[in-house]
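Hi,

Here is the model I promised to pass on. Have a look, and my notes follow below.

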Amino acid sequence: PPSHGAALLSAAHGATSGASSSSHLAQGASGHVPTAVHGTHAAHGLRGLLQLHPAMKVAVVGVTSAALAAGVTYGLTRHPASVARTPTVSNIPSPAPPATEFAATPTASSASTSGAPPAWGSGLFVTAASFGLNAISCASPSFCVADDISGHEYTFSGGAWSSGVQFDSHGQVNAGTARSTFSLSCVSSTFCAAAGDLYAYTYDGHAWSSPTKLSASTTSGLIAVSCVSSQWCMATNGRDIFVYNGSGWIQGPAPVTNAGLTALSCAADNFCAAATAEGTQGSSAFIFNGTGWSGSVVDSQADLLHAACPSVSFCVISDYFGTTYTYKGNQWEAGPSVPAGLVGGQALSCGSPAFCVALGGPAKSSVFSNGVWGTPTDIPIHGRFTGVSCPTVDICFATDDTGYAYEFSSGAAPTP
């Protein structure tokens with residue numbers, strides 16, 4: 001919401017892979033205030049997922065657990081609500097037939113029943129914190145972590161959400177030096193990482209670590225984190241790259257770009273994807289091979305907002321208008337795109353190369369199944385989506401800005 005104001009001033013994704021993760025973006029030096037969410041395999045990574053702040057129309061990005069993200073003007077540009085878009089990559093596939101639209105009827109049950117119609121649950125109330133929940137990352141259908149902008153973490157386990165626990169036991173949150181976390185990435189119930197403002201944290205299943213200061217800049221805080229194991233994570237502040245090696249954080253190689261990173265997602269310690277805002281030539285997508293980055297301009301009309309890499313052979317990134325680009329082993333290709341109606345994408349997560357969920361503003365959802373994006377559908381939620389994480393091929397969890405968490409069941413797993 002626009003009222004996040006100064007509380008999000010230092011924030012600038014995210015996607016995921018393998019386990020699941022999610023992320024939120026922090027702002028770049030330009031002072032824009034983006035927020036992203038990351039789901040499992042989605043801009044679980046640079047958190048995961050971005051969100052569009054309604055009044056500002058500011059596009060943001062996200063990343064997740066095998067997927068992350070990150071901005072120096074960081075180019076988080078304002079986009080008109082309706083602009084004709086045409087993908088700019090030449091090898092655009094022929095339009096695929098529309099997928100069957102899933103039912104959006106609220107259901108109190110969160111269990112996945114084979115053959116049941118796809119549906120979002122009616123939601124579980126988690127917190128009354130200002131601005132609700134900020135990001136979510138799920139390692140499995142039975143374990144998720146979400147956070148709010150005041151630095152409290154909430155754990156989903158045993159079918160219920162815990163009360164909030166102060167993220168930093170050393171008082172950094174209250175002192176104002178680490179005001180909130182914006183990206184989460186969980187690979188199991190015993191390991192998660194979080195990144196926000198200038199600090200990174202890890203979770204061992206019992207407690208969160210003390211903050212580790214990664215970013216020396218006071219204007220470009222961490223915006224995305226993505227973990228593939230308890231021994232390897234990547235985070236970014238939109239410009240620099242930081243790697244967790246199991247014992248601590250070190251600085252890693254960064255993509256060469258004239259625009260700020262907006263999303264990050266990793267599927268392995270030698271495979272990550274990162275996306276950028278619009279630069280002088282357009283928005284670029286990069287692939288990390290374990291030692292360095294290679295990339296190219298893929299979109300000349302909008303900021304890329306989310307990245308999700310559920311495997312080392314498949315990634316998807318998306319822009320403000322719902323245009324998607326996929327990486328299938330050796331190059332980026334345009335499409336398939338989300339049908340009209342999901343402008344201002346807020347989050348993206350993939351449970352597998354055959355199953356992804358994209359959320360748009362303020363409460364629309366589209367499901368990617370077996371190569372086709374379904375028609376965006378209005379979801380009867382309590383507020384505006386802020387994040388999504390898909391830990392399996394048929395289950396996702398999402399959060400909103402009123403403090404509710406929702407579960408999505410596809411009803412039946414798609415063909416791998």
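Which residues have the most contacts inside the largest nonpolar core? They are Phe-271, Val-298, Cys-315, Ile-317, Tyr-325 and Trp-332, in a core of 18 residues. A core here is a set of buried Ala, Val, Leu, Ile, Met, Phe, Trp, Tyr and Cys residues joined through side-chain atoms within 4.5 Å, and buried means under 20% relative accessible area with a 1.4 Å probe, protein chains only. Strands that each supply at least two residues of this core include β20 (261–268), β24 (304–311) and β25 (314–319); strands are DSSP runs of E, at least two residues, numbered from the N terminus.

Before you dig in: this is a predicted model, with local features needing pLDDT of at least 70 and side-chain atom pairs 80 or more, while totals for chains, interfaces and linings use all residues. Residues are numbered from 1 along each chain as its sequence is written, and side-chain values use heavy atoms, without hydrogens and water.

Cys-315 is a good place to zoom in. Among the residues it touches (heavy atoms within 4.5 Å), leaving out those up to four places away in sequence, are Phe-271, Tyr-325 and Trp-332. Cys-315 also forms a disulfide with Cys-309, S to S 2.0 Å (the rule is cysteine sulfur atoms within 2.5 Å). The torsion about that S-S bond is about 115°, so the link is right-handed. Cys-309 is buried at 0%, and Cys-315 is buried at 0% too.

There's also an open antiparallel sheet, ordered β24-β25-β26-β27, where pairing takes at least two DSSP bridges. β24 and β27 each have a single partner strand, so one side of each lacks a neighbour in the sheet.

Cheers

Conventions. Buried means under 20% relative accessible area, exposed over 50%, partly exposed in between (1.4 Å probe, protein chains only). Helices (H or I, at least four residues) and strands (E, at least two) are DSSP runs, numbered from the N terminus.
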